[in-house]
Amino acid sequence: CALPILSLNGTTIHAAPVQLSDEFTLAFWVFLREDSVGAWRTVVGKGGTVDELTPTVLLQPTSRTLDARVTTEEGSVAVTSRGPIPMRRWTHVAVTCSAGVLRLFLNGLPEAERVLTTPVMPNTGLLRVGKDPWRAGSSMYLDDLRVYDIGLPSQEVAALAPGHLTGISASNVRLGCLSCDRQAAVVSCEHTRLRSEERRVG
């Protein structure tokens with residue numbers, strides 16, 4: 001059954017027992033309702049102490065940049081988004097860990113990854129949403145929280161964030177023009193600008 005969207009005020013802890021090993025997928029939609037507050041904020045986290053982080057998704061203190069963390073034998077290890085996630089817009093977040101690689105996806109697209117040099121340490125703590133006992137909470141909506149006991153491959157992560165919802169899909173994103181020269185790129189940009197101006201005039 002479909003669960004209702006969670007409306008989180010940043011002060012109430014929502015928790016449930018979930019068992020995970022060193023391989024997992026954590027995925028959800030998030031809609032931030034407030035900007036940075038100057039402290040680490042918990043979005044979703046699992047652990048019984050402040051040092052147990054497998055897995056945990058945090059917002060950095062002075063930005064809306066995401067940190068996805070696990071605890072290893074050497075301590076906390078993170079992958080970080082390349083920039084802040086937007087305010088008042090739905091963003092799909094997924095974190096996977098498999099074969100010794102921790103990965104972060106935003107809106108179904110790979111965002112960051114890190115090869116882990118020591119084993120991940122699972123924990124028996126609760127899975128908490130919106131706040132934990134050790135960090136500030138997040139004022140947000142959260143929907144479609146999913147936890148898997150395997151690390152999903154990238155194509156299955158992409159299927160959790162369909163392009164008709166995010167406006168972005170893995171099949172239509174290109175980081176630069178791979179097959180055209182500079183003049184072709186300039187012409188294409190000029191056509192895009194003219195179409196945009198025509199829409200504004202109309």
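**A first sheet**

In this predicted model, 6 strands build an open sheet. Their order is β1-β12-β3-β8-β9-β10, and the pairing is antiparallel. The edge strands are β1, residues 6-9, and β10, residues 109-115. Each of these two pairs on one side only. Neighbouring strands in this sheet are turned by 25° against each other on average, with direction ignored.

Look at one pairing inside this sheet. Strand β3 covers residues 24-32, and strand β8 covers residues 91-98. The two run antiparallel, and 7 bridges join them. Which residue of β8 stands opposite Phe24? The residue is Cys97.

**A second sheet**

Another open sheet also has 6 strands. The order here is β2-β11-β4-β5-β6-β7, with antiparallel pairing. Its edge strands are β2 (14-17) and β7 (75-84), and each pairs on one side only. The twist averages 20° from one strand to the next.

Strand β2 pairs with strand β11, residues 126-129, in the antiparallel sense. This pairing has 4 bridges. In β11, Arg128 is the bridge partner of Ala15.

**The chain as a whole**

Now step back to the full protein chain. Its secondary structure comes to 3 helices and 12 strands. The chain has 202 residues, and 43% of them count as buried. Take the contacts between residues at least 6 apart in sequence: 66% of these join residues at least 24 apart. The chain exposes about 10,900 Å². Carbon and sulfur atoms supply 54% of that area.

**Nonpolar cores**

In soluble globular proteins, nonpolar side chains tend to be buried together. The largest nonpolar core here has 31 residues. Phe28, Val30, Val43, Leu66, Leu102 and Leu142 have the most contacts inside it. Strand β3 gives the most to this core, with 5 residues. Apart from it lies another core, of 6 residues. Ala27, Phe105, Leu152 and Leu160 are among them.

Leu66 shows what such a core residue touches. Leaving aside neighbours within four places in sequence, its contacts include Val43, Val57, Leu58, Leu59 and Val79. They also include Thr80, Ser81, Ile85, Val93 and Leu106.

**Two buried residues**

Ser63 and His92 can be set side by side.

| Residue | Place | Relative accessible area |
|---|---|---|
| Ser63 | loop between β5 (56-59) and β6 (65-72) | 18% |
| His92 | strand β8 | 1% |

Is Ser63 buried or exposed? Ser63 counts as buried because its relative accessible area, 18%, is under the 20% cut-off. The side chains of Ser63 and Thr65 are joined by a polar contact of 2.9 Å. Not counting residues up to four places away in sequence, Ser63 touches Ser36 and Arg41.

His92 is buried too, with a relative accessible area of 1%. Which residues does His92 touch, not counting those up to four places away in sequence? Among them are Ala27, Phe28 and Trp29. Phe105, Leu106, Asn107 and Gly108 also touch His92, as do Leu160 and Ala161. His92 and Asp143 are 51 residues apart along the chain. Their C-alpha atoms are separated by 9.4 Å.

Key. Residues are numbered from 1 along each chain as its sequence is written. This is a predicted model: local features need pLDDT of at least 70, side-chain atom pairs count only at pLDDT 80 or more; totals for chains, interfaces and linings use all residues. Side-chain values use heavy atoms; hydrogens and water are left out. Two strands pair if DSSP finds at least two bridges between them. Axes are lines fitted to C-alpha atoms, for helices over the stretch in contact, and angles run from 0 to 180 degrees between N-to-C directions. A nonpolar core is a set of buried Ala, Val, Leu, Ile, Met, Phe, Trp, Tyr and Cys residues joined through side-chain atoms within 4.5 Å. Buried means under 20% relative accessible area, exposed over 50%, partly exposed in between (1.4 Å probe, protein chains only). Contact means heavy atoms within 4.5 Å. Accessible areas come from the Shrake-Rupley method with a 1.4 Å probe; for residues, only the protein chains shown count as cover. A polar contact is a pair of N or O atoms within 3.5 Å; within protein, one must be able to donate a hydrogen and the other to accept it, and residues adjacent in sequence count only if both atoms are side-chain atoms.
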